[in-house]
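Q: Please take a close look at a single part of this model, moving from the pairing of strands to the packing of side chains. A connected account, with the cut-offs stated, would suit me best.

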Amino acid sequence: MNREQLVTRPDTTTRRVLGVGAVLTVGALTLTACGGSADTGTDGKGGDGSPRTSAAKILISAKNGSTGASINSTGVQVTNGTLTGVKMTVAGTGRPVTGTLAAGGGGWKPKEQLERGTKYEISATAKDSKGKATAADSVFTTVSKANSFIGTYTPDNGTTVGVGMPVSFTFDKAITDRKAVQSHITVSSSGGQKVVGHWFGAQRLDFRPEEYWKAGSKVTMKIDLDGVKSTNGVIGVQKKTVTFTIGRSQVSTVDVNAQTMTVVRDGRTLRKVPISAGSPEFTTYNGQMVISEKYPQIRMDSRTVDLANAYNIPDVPHAMRLTSSGTFIHGNYWYNKANPPFGREGTSHGCVGLQDVRGAQGDTTAKWFYDSSILGDVVIVKHSPDKTVTPDNGLNGWNMAWSEWIAGSAT
């Protein structure tokens with residue numbers, strides 16, 4: 001039902017700033033004022049006549065009083081000594097932050113990414129090779145949301161997706177220095193395919209190869225945006241590596257003239273099934289579309305796509321999104337039996353309907369196709385009287401010529 005339903009995308013892709021957990025404490029903790037040190041001795045020298053000052057030096061990367069600390073690289077290092085204790089909390093709450101101590105006690109860092117615009121406290125102690133102690137602490141605030149940007153991306157780390165799934169970033173702020181941002185995101189494939197980024201406006205950046213991904217290949221995305229400037233002092237805060245796997249190749253072709261869909265996997269036809277595409281009044285887009293979401297059941301309300309009260313179906317079964325504007329391929333249990341048999345006539349509001357029963361149960365065509373599909377699989381629609389879907393309507397950049405795709409790269 002093209003333009004049939006606009007469903008809010010669940011925030012599965014993100015990948016956002018993570019929360020905080022428990023405390024790691026190593027040894028006893030002795031503290032003085034901010035940035036100070038606590039040492040033994042009373043007359044400027046220790047009992048053996050040596051200076052009382054510890055040779056160990058503690059460096060907390062976020063300086064005391066700073067207001068734009070990194071949410072990724074904040075941590076503690078020590079030279080000429082070993083850390084004996086580190087405590088980090090969310091200031092004013094006492095909520096602890098779990099950390100990891102480096103081998104040999106030379107450093108400490110939070111296990112998870114810190115939160116933006118949050119005040120933290122770190123206290124650390126260390127000792128040198130002679131056992132002399134020193135301490136340091138810092139109270140600081142991480143970079144604010146107003147002064148930073150992040151990108152919500154798909155697909156998720158560790159997932160297996162279809163051959164059509166692009167890497168797609170949506171940034172929470174307009175990016176003016178697109179070259180700087182794009183050059184700090186690299187996407188590579190074990191299949192050896194050249195991968196190029198393309199900007200759709202100032203807030204969306206997609207990556208894809210010229211042809212569909214090679215089945216079975218591994219794709220690695222390296223995000224190194226921490227500290228990268230976009231505009232007017234706004235900086236990136238993401239730094240991570242994401243990997244995902246390309247599964248088997250499944251491409252399904254909908255022929256609107258014939259009201260059929262042919263499902264091909266790894267070059268072999270699995271089935272040819274009847275469908276009901278859009279009616280003459282509400283036609284279905286042509287073009288290559290990628291499955292971006294799957295729902296066992298979902299409500300479809302025509303009012304969300306400006307079709308007044310044309311329909312409001314609370315339990316559309318086996319629904320898979322093809323465009324952000326509302327095109328789905330889904331089960332249809334309400335097909336009017338007064339119409340020609342299923343597969344003879346298009347009766348939807350633009351979606352591609354498959355035979356189904358209410359409750360998403362039973363051995364139906366729709367259930368079979370739903371169970372056989374994964375995110376990133378391709379559905380091609382041809383011979384519809386409608387136009388070709390635009391490349392940025394969903395994850396559908398395959399509808400853009402490669403030369404035009406490359407032209408939209410900032411690097």
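A: Two strands count as paired if DSSP finds at least two bridges between them, and strands themselves are DSSP runs of E with at least two residues, numbered from the N terminus. The model is predicted, so to speak of local features pLDDT must be at least 70, while side-chain atom pairs count only at pLDDT 80 or more and totals for chains, interfaces and linings use all residues. Residues are numbered from 1 along each chain as its sequence is written, and side-chain values use heavy atoms, without hydrogens or water.

On these terms, four strands make up an open sheet with antiparallel pairing, in the order β1-β2-β6-β5. β1 (57-60) and β5 (99-101) are its edge strands, each pairing on one side only. At the β5 edge, three bridges join β5 to β6 (residues 107-110) in the antiparallel sense, and G99 has P110 of β6 as its bridge partner. Neighbouring strands of this sheet are turned against each other by 15 degrees on average, direction ignored (axes are lines fitted to C-alpha atoms).

Turning to the packing, the largest nonpolar core (buried Ala, Val, Leu, Ile, Met, Phe, Trp, Tyr and Cys residues joined through side-chain atoms within 4.5 Å) has 28 residues; buried means under 20% relative accessible area with a 1.4 Å probe, protein chains only. Among the elements that give two or more residues to this core are β12 (167-171), β13 (185-189) and β16 (218-224). A second, separate core has 24 residues, including A56, V78, V90 and A136.

Key:
Buried means under 20% relative accessible area, exposed over 50%, partly exposed in between (1.4 Å probe, protein chains only). Axes are lines fitted to C-alpha atoms, for helices over the stretch in contact, and angles run from 0 to 180 degrees between N-to-C directions.
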